[in-house]
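Dear colleague,

Please find the structure below, handed over for your reference. My findings follow it.

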Amino acid sequence: MNREITQTEKTKIRRLPKRGAYDRKTIYKILDEAFICHVGFTVDNQPFVIPTGYARVGDNLLIHGSAASRMLRALAREVDICITVTLIDGLVLARSAFHHSMNYRSVVIFGKAKLISDETEKSNALKAFTEHIIPNRWSEIRLPTAKELKATTVLSLPLTEASAKIRTGDPKDDDEDYAIDVWAGVIPLKTAAGKPIADAKLKEGIALPTYVSDYKRN
Ligand SMILES: Cc1cc2nc3c(=O)[nH]c(=O)nc-3n(C[C@H](O)[C@H](O)[C@H](O)COP(=O)(O)OP(=O)(O)OC[C@H]3O[C@@H](n4cnc5c(N)ncnc54)[C@H](O)[C@@H]3O)c2cc1C
């Protein structure tokens, strides 16, 4: 699976285009590692950018939330939206202030989201969210009731207009600056899970599942 997404006027990367990628394999790897996106949309000429969770299912990105959410009600009207996802891999310390940077992997998606109203599809979407963030959780928890499904809005955005941009490696200093006596390099950064904290109301005798004790991203 290495299908290219056609570049458009909107997704063509103009600054440092060699860092760009349009193949689904690269884009989906970033989407599957991250789980928070920022959704940009406009209501009555007012731009909003709202953070939210997501899951990728096939060639669609799903978002969900309360049926009362202004964001979800606005997006369900099939307005133009732009979603971004960012992973930070490191801080890049150059010899000059100008060339300091970050190593990152990011995706920008454009499109219009469609409401998922079928109950089974909705329930599958909620499973996808849960399993995307905490694999193996869904089979252990109480599943949503019809009332809970009704109170939840799920939207699906087709991944038809999207790009990835990736920076890796050392700082890129100006030739004459490599002689300066200052440390340069990369401070790697990653998302790490801490020690799980049991709910104060947890029943006695419930063992910590390995998918919790061994939780890792990527
Ligand atoms: C990491 C993360 C994951 C989230 N995951 C989800 C999810 O999966 N589903 C979901 O529905 N919501 C999620 N949220 C909450 C989401 O950001 C919105 O708050 C929520 O969707 C309500 O949207 P709304 O448009 O109805 O907000 P409204 O209450 O209508 O927003 C009114 C105003 O409140 C402010 N506001 C709203 N949200 C935020 C925020 N997060 N931070 C700061 N100010 C804010 C803004 O000024 C906004 O214009 C998540 C938030 C975070 C940070």
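The notes below cover the salt bridges and then the pocket.

This is a predicted model, in which local features need pLDDT of at least 70 and side-chain atom pairs count only at pLDDT 80 or more, while totals for chains, interfaces and linings use all residues. Residues are numbered from 1 along each chain as its sequence is written, and side-chain values use heavy atoms, with hydrogens and water left out.

The structure holds eleven salt bridges (a side-chain nitrogen of Lys or Arg within 4 Å of a carboxyl oxygen of Asp or Glu). One of them joins Arg 105 and Glu 33, at 2.9 Å from N to O. Arg 105 belongs to strand β7 (residues 101-111) and Glu 33 to helix α1 (residues 24-33), so this pair ties together parts that are 72 residues apart in sequence; helices (H or I, at least four residues) and strands (E, at least two) are DSSP runs, numbered from the N terminus. Both Arg 105 and Glu 33 are buried (under 20% relative accessible area, with exposed over 50% and partly exposed in between; 1.4 Å probe, protein chains only).

In a further salt bridge, the closest N and O atoms of Glu 148 and Arg 142 are 2.7 Å apart. Here Glu 148 is partly exposed, at 34% relative accessibility, whereas Arg 142 is exposed, at 58%.

Salt bridges also link Arg 3, Arg 24 and Asp 59 in a network.

The lining of the largest pocket (an open set of points on a 1 Å grid over the protein atoms alone, where a 1.4 Å probe fits, with protein on both sides within 12 Å along at least five of seven lines; lining residues have an atom within 4 Å of a point) comprises 15 residues, and those closest to the centre include Arg 137 and Leu 208.

Yours sincerely
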